[in-house]
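Student: I am new to this structure and would be grateful for a close look at a single part of it. Please choose one residue and follow its surroundings outward.

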Amino acid sequence: QQSEKIKQLVESSHSIFAHYHKLEKNNVLTQEQAQKAALNVIKDIRFGNNNYFWVNNLEPRMVMHPIKSSLDNQLLGNIKDPDGVQLFSEMAKIVKAKGEGYIPYKWPKAGSEEPIDKISYVKGFTPWQWMIGSGVYLDTIQAIYAEQRNYLLLETLIIILITVTFSYFIGKSILLPT
């Protein structure tokens, strides 16, 4: 459910590239202006619990990371998560092979250095040889699941208490008629 939401958000943000690429093709903007404008829009988008989008090319080289700007313009091919996944290289492979897809890996949350499980969705933009991606941390999914589970357990408990109460009064009225 959350991973499908991420896919839809990435696809929506992908349309920003298409919009600015159209302006480039119509000679309203140069390619550099179109790319810069698209990145400026995407850089400021936040959703959920401070989630964001990043953009890299297929080398892979980071084009724009709104949280870790130190990654901007850096080659990413050798970046590995703690499990040895060369995440940006794998993302580039997915985009080259299928145009888009999911990738699981570990990455630190904003403000933390400790990598935790995350699943991201990436989608390529062929005219600029870029890809846009975003992800969701699995602890976020687990927290949502736990909240829904606890709510369901509370509802079940209330139904059981109501059923037991009614059963008691019905049984009492049968055994002790007035």
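Tutor: The account below begins with Glu-24 and then turns to the core and the loops.

This is a predicted model, in which local features need pLDDT of at least 70 and side-chain atom pairs count only at pLDDT 80 or more, while totals for chains, interfaces and linings use all residues. Residues are numbered from 1 along each chain as its sequence is written, and side-chain values use heavy atoms, with hydrogens and water left out.

Glu-24 belongs to helix α1, which spans residues 2-25; helices (H or I, at least four residues) and strands (E, at least two) are DSSP runs, numbered from the N terminus. Glu-24 is buried and yet forms no salt bridge. Here buried means under 20% relative accessible area, exposed over 50%, and partly exposed in between, with a 1.4 Å probe and protein chains only. A salt bridge requires a side-chain nitrogen of Lys or Arg within 4 Å of a carboxyl oxygen of Asp or Glu. The nearest side chain of opposite charge to Glu-24 is that of Lys-25, 4.7 Å away; Lys and Arg count as positive, Asp and Glu as negative, and His and the chain ends are not counted.

The side chain of Glu-24 does make a polar contact of 2.8 Å with that of Trp-128. Such a contact is a pair of N or O atoms within 3.5 Å; within protein, one must be able to donate a hydrogen and the other to accept it, and residues adjacent in sequence count only if both atoms are side-chain atoms. Apart from neighbours within four places in sequence, Glu-24 is in contact (heavy atoms within 4.5 Å) with Leu-29, Thr-30, Gln-31, Ala-34 and Trp-128.

Trp-128 also leads to the largest nonpolar core, which has 19 residues; Trp-128 is among those with the most contacts inside it, together with Phe-17, Ile-42, Val-55 and Ile-132. A nonpolar core is a set of buried Ala, Val, Leu, Ile, Met, Phe, Trp, Tyr and Cys residues joined through side-chain atoms within 4.5 Å. At least two residues of this core come from each of α1, α2 (31-43), β4 (115-125) and β5 (130-137), and α1 gives the most, with 5 residues.

The loop between α1 and α2 holds Asn-27, which has a positive phi of about 60° although it is not a glycine. Asn-27 is exposed, with a relative accessible area of 71%.
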